[in-house]
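The following paragraphs lead the reader through one protein model, from its confidence values to its helices, aromatic rings and backbone geometry. The sequence and the structure come before the discussion.

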Amino acid sequence: MAHEELSVAQARRIALAAQGYADPRPGGATDMRHLRRVLRRLHLIQMDSVNVLQRAHFMPLYSRLGPYPVELLDRAAYRKPRELFEFWGHEASLITTDLQPLFRWRMARAADFAWGGMVRIVREQPELVSWVLDEVRGRGPITAAEIEHDTPRNKDHWGWNWSVVKQALEWLFFSGQVTAAERTTSFARRYDLPERVLPAAVLDAPTPAYPDAIRALVGLSARALGVAAERELRDYFRLPVEGFKQAVAELVEDKVLTPVTVRGWKQPAYLHHEAKLPRWVRAATLVSPFDPLIWERERTERLFDLNYRIEIYVPAAQRLYGYYVLPFLLGDRFVARVDLKADRKAGVLRIPAAWLEPGAAPDETAEALAVELHRLAGWLGLTAVEVPERGDFAGPLASALAGVP
């Protein structure tokens, strides 16, 4: 597939197809084959501790597969043979284990890429870091709190407390000396040695040279995005500047990437050689704020004409749309956005606000969104969907919700 110029509509469908939104949903029970199909497209899933609706890493699979057993993802990440491992990919992420060798440069050069307390603790208190590693080696899998509980109190002159133990663990995690064996019910990591967690075949795989690893990761970014500008190719795995442009140039020379122009974009773009241009996309799903489709907000605006920002950290009085807002994808366009909250105690999906996007058809959007909200509530184990409390789409959506059996 080769194009010198693409329309925004074509780029949008290419991006959606590359991200799996044009794939058919499972017709019956969802199993590991379906999970792997999505993971082969995305390569990684961002994690986040916010749980107002559902943990962030569960949502991208829901958006592409529909309701699925979350145990499948837990099994892939935390049960042998592991297919995912936790590391810093795009922020804190679950990454397919076959990519672990491609991130060893980040582990080996942790002092260049880690930040704050992690770097300070290994520089100022190396004895603490060594002691914490010994604790993991002897007692893992183990949480930071469990190590802190047994911290020698007679060594107060070293300043040992929970925060420094946690910083030491985070350094060991970033540098690849420990990894996440599992998560507790409160979402705390249990740390262990990589050789007790990751498959032997992964650990035994050779370490690529830095330029080769960067080139491979840029290629994977491009395949996952379909068509993208340089900034987005770097952002997908949060790659450094060093070696990036050389990797792009080599991928162009090898015809893995084709330079293209997207009408209306100021930035030059690159099309992956495996990218597909579907005639249409028939999605009807809510998309998480942490979904890789919309990670790069400027790209989201260029592709979908959607000005989207997560407002969790914005003071309540200054929020435009709400605390935890998910855009609704219908076909190949975002047509609405809803602020959602899972009230698990009451068994209710609450909708603090609902908004219609400019140009969207109100009746069609309300009907499709109402069906999707009931589907989401069922997946979350909630028994009811409350009517929206505010927003310019609250009335039409409330009427549509009343008509869903």
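Over which residues does pLDDT stay under 50, and how many contacts beyond four places in sequence does the model have for them? The stretch in question is residues 153-161, for which twelve such contacts are present. The model is a predicted one, and its confidence is summarised by a chain average pLDDT of 94, with 96% of the residues scoring at least 70.

Helix α2, which spans residues 32-42, offers a starting point for the packing. Its buried residues are M32, H34, L35, V38, L39 and L42. Viewed along the axis of α2, these buried residues fall within an arc of 160 degrees, and they therefore line one face of the helix. The exposed residues R33 and R40 are carried on the face of α2 turned away from that buried side. The cover over the buried residues of α2 includes two strands that lie at 84-89 (β3) and 91-96 (β4), together with β2 (44-46) and the helices α3 (59-65), α4 (71-78) and α13 (230-236). After α2 comes H43, which has a positive phi near 75 degrees.

Helix α4 can be read in the same manner. Here L72, L73, A76, A77 and Y78 are buried. The buried residues of α4 pack against α2, β2, α3, β3, β4 and β5, the last of these comprising residues 179-183. Between α4 and β3 there is a loop that contains P81, and the peptide bond leading from K80 into P81 is cis, with omega near -10 degrees.

Attention now turns to the aromatic rings. A pair of aromatic rings is described by the distance of the centres and the angle of the planes. How many aromatic pairs does a search of the whole structure find? The search returns 17. One of these pairs is formed by Y62 and W379, which are stacked, with 4.6 Å from centre to centre and 25 degrees between the planes. Because Y62 belongs to helix α3 and W379 to helix α16 (residues 362-379), this pair ties together parts of the chain that are 317 residues apart in sequence. Y62 has a relative accessibility of 0% and so counts as buried; W379 is buried as well, with a relative accessible area of 14%.

An edge-to-face geometry is found for the pair of W115 and F174, whose ring centres are 5.7 Å apart and whose planes make an angle of 90 degrees. This pair links distant parts of the chain, 59 residues apart: W115 is in the loop between α6 (110-113) and α7 (116-124), whereas F174 is in helix α10 (residues 162-174). Is each ring of this pair buried or partly exposed? W115 counts as partly exposed, because its relative accessibility is 44%, whereas F174, at 2%, counts as buried. Both residues also belong to one aromatic cluster, which is formed by F85, F87, W88, F103, W115, F173, F174, Y191, Y236, F237 and W295.

Aromatic rings also take part in arrangements with charged side chains. The charged end of R55 sits over the ring of F187, at 4.2 Å from the ring centre. For R337, the charged end sits over the ring of Y321, at 4.0 Å from its centre.

Helix α13, named above as part of the cover of α2, contains D235. With a relative accessible area of 17%, D235 is buried. Apart from neighbours within four places in sequence, D235 is in contact with H90, W295 and E296; of these, W295 is a member of the aromatic cluster.

The remaining features concern the backbone. The peptide bond from G140 to P141 is cis, with omega near 0 degrees, and P141 is found in the loop between α8 (126-139) and α9 (144-149). R238, although not a glycine, has a positive phi of about 50 degrees. R238 is located in the loop between α13 and α14 (244-253), where it is partly exposed, with a relative accessible area of 35%. K255 is likewise not a glycine, and its phi is positive at about 65 degrees. The loop that holds K255 runs between α14 and β8 (257-262), and K255, with a relative accessibility of 65%, counts as exposed.

Conventions: Residues numbered from 1 in each chain as written. Predicted model: local features only at pLDDT ≥ 70, side-chain atom pairs only at ≥ 80, totals over all residues. Heavy atoms only, no water. Buried < 20%, exposed > 50% of the residue type's maximum accessible area, 1.4 Å probe, protein only. Helix = DSSP H or I, 4+ residues; strand = E, 2+ residues; numbered from the N terminus. Arc of directions from axis to C-beta. Contact = heavy atoms within 4.5 Å. Phe/Tyr/Trp six-rings, centres within 6.5 Å; stacked < 30°, edge-to-face > 60°. Lys NZ or Arg CZ within 6 Å of the ring centre and 35° of its normal. pLDDT = per-residue confidence, 0-100.
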